Amino acid sequence: MVTLEQFLVDRQQEFEGATGAFSKILRDLSLGAKLISFYLRRASLSGLLGEIGLTNIQGEAVQKLDHLANTLFIRLFSQNPHVAGLASEEEEHILPTDPHGKYVILLDPLDGSSNIDVGVPVGTIFSIYRRITPVGSPCEEKDFLQGGRAQVAAGYILYGTSTLLFYTTGQGVHGFTLEPAAGEFLLTYPAVRMPEKSQYYSFNDNQLHEWEPGLQRYIQHLRTQNQTAEKPQSLRYVGSLVADVHRNLLKGGLFFYPGTVKKPEGKLRLLYEGYPMAWLVEEAGGKASNGKMPLLDVPATKIHQRTPLFLGPAADMETLHSFLNPHVVVEKT
Ligand code: AHG
Ligand code: MN
Ligand code: MN
């Protein structure tokens, strides 16, 4: 039995600087996870379901638990001397915290909010960068806009049948399960690899008619090959990115949330949904793109910018890209 704390101490050198900063940031993330898990599992008993009656910068109704999770993480990281600032899905602007901190964190405090009231798994997504502005001064927006490949750590917490914490620092993906009896996250998924064959595909086809023709042809291709397949794939779509990606990471599956004619940039946010999930999937052997280029290479220009997101096993992503960009020769991996 290896606790998250012990695991981090044993592998401290993997996180640049090995100053213990990452362990303290993950400790705050795991404390937030334990508290959110506690509140979530009692939400319908303690009046925490439903909306707070405000709309956030995304133009979405803020759920009480979105607000609770957001407030909790702001409080936790505001007292962490290693954190110079936060950007959150629930906050219009960046929140500078300790000017002497060396790291900045981007958060989707509660992902899949539409599922909270119906008992379906939700999650938290995080992405960590080393700041590029001088330590000692307040962090600035450019600290958060360094692009996906500059992430030093990323991961998610899944509040499902158990509470799981998965993260990467570029040395593979490691997963932990909360043991409520001990109040500790224990290592349960060391060195996660995404299976090369997709058992699932996940998308919300309510706007199928608005998707680019190549994607519609790819979906037809999937469905045709499943008609004769010995073990046909299943369509699984929960509507919480963390739950859909976690299942596909463990079992092999293709997830996409494409752009449409009306919204070519799609719905999902690049900095605190796309980049962290793309890095985790790549670290587990899969691929992630915006349909045109690797997602981690999509330039970051705004904190809340949106992106189409496609992710899955490398071979399936190669086939998908051959339908999306027929003129481009997809490099054979
Ligand atoms: P959030 O609750 O943080 O706004 O994220 C919801 C996202 C993501 O979790 C999920 O994949 C997607 O919205 C589902 O969107 P649709 O309901 O349009 O399918
Ligand atoms: Mn989200
Ligand atoms: Mn959210």
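A residue is called buried when its relative accessible area is under 20%, exposed when it is over 50%, and partly exposed in between, as computed with a 1.4 Å probe on protein chains only. Helices (H or I, at least four residues) and strands (E, at least two) are DSSP runs, numbered from the N terminus. The structure is a predicted model, in which local features need pLDDT of at least 70 and side-chain atom pairs count only at pLDDT 80 or more, whereas totals for chains, interfaces and linings use all residues. Residues are numbered from 1 along each chain as its sequence is written, chains are lettered from A and ligands numbered from 1 in the order in which they are written, and side-chain values use heavy atoms, with hydrogens and water left out.

By the first of these definitions, the buried residues of helix H5 are Leu 241, Val 242, Ala 243, Asp 244, Val 245, His 246, Arg 247, Asn 248 and Leu 249. Because nine of its 11 residues are buried, H5 is largely enclosed by the rest of the structure. After H5 comes Gly 252, which has a positive phi near 85°.

The packing of H5 against helix H6 was examined next. Axes are lines fitted to C-alpha atoms, for helices over the stretch in contact, and angles run from 0 to 180 degrees between N-to-C directions. The axes of H5 (residues 241-251) and H6 (residues 270-283) come within 11 Å of each other and cross at roughly 10°. H5 is therefore roughly parallel to H6, given that angles under 35 degrees count as roughly parallel, over 145 as roughly antiparallel, 65 to 115 as roughly perpendicular and the rest as oblique. Contact (heavy atoms within 4.5 Å) is made by Leu 241, Val 242, Val 245 and Leu 249 on the H5 side and by Glu 273, Met 277, Leu 280 and Val 281 on the H6 side. An α-helix has 3.6 residues a turn, so residues three or four places apart point the same way. Sorted by class, the contact of H5 with H6 has seven nonpolar residues, no polar ones and one charged residue. In this scheme Ala, Val, Leu, Ile, Met, Phe, Trp, Tyr, Cys and Pro count as nonpolar, Asp, Glu, Lys and Arg as charged, and the others, Gly among them, as polar.

Glu 273 of H6 also takes part in metal binding. Donors are N, O and S atoms within 2.8 Å of the metal (3.2 Å for Na, K and Ca), and since water is not among the atoms, sites may look incomplete. For the manganese ion (ligand 2), the protein donors are Asp 108 (OD), Asp 111 (OD) and Glu 273 (OE), at 1.9 to 2.1 Å. Along the sequence these donor residues are spaced D-x2-D-x161-E. Asp 108 lies in strand S5 and Glu 273 in helix H6, so this pair ties together parts that are 165 residues apart in sequence. Both Asp 108 and Glu 273 are buried.

The manganese ion (ligand 3) is coordinated at 2.1 to 2.2 Å by Glu 89 (OE), Asp 108 (OD) and Leu 110 (O), with the spacing E-x18-D-x1-L along the chain. Asp 108 bridges this ion and the manganese ion (ligand 2), the two lying 3.8 Å apart. Here the pair of Glu 89 and Asp 108 links distant parts of the chain, 19 residues apart: Glu 89 is in the loop between strand S3 (83-88) and strand S4 (95-96), and Asp 108 is in strand S5 (residues 103-111). Glu 89 is buried, as is Asp 108.

Aromatic pairs were then counted. Rings of Phe, Tyr and Trp (its six-membered ring) pair if their centres lie within 6.5 Å; planes under 30 degrees apart count as stacked, over 60 as edge-to-face and the rest as tilted. The count comes to 14 aromatic pairs. Tyr 167 and Phe 176 form a stacked pair, 6.2 Å centre to centre with 10° between the planes. Tyr 167 is buried at a relative accessible area of 2%, and Phe 176 is buried at 0%. Phe 203 and Trp 211 form an edge-to-face pair, with 5.7 Å between centres and 80° between planes. Phe 203 counts as buried at 2% relative accessibility, and Trp 211 at 3%. Ring pairs join Tyr 201, Phe 203, Trp 211, Phe 256 and Phe 310 into a cluster.
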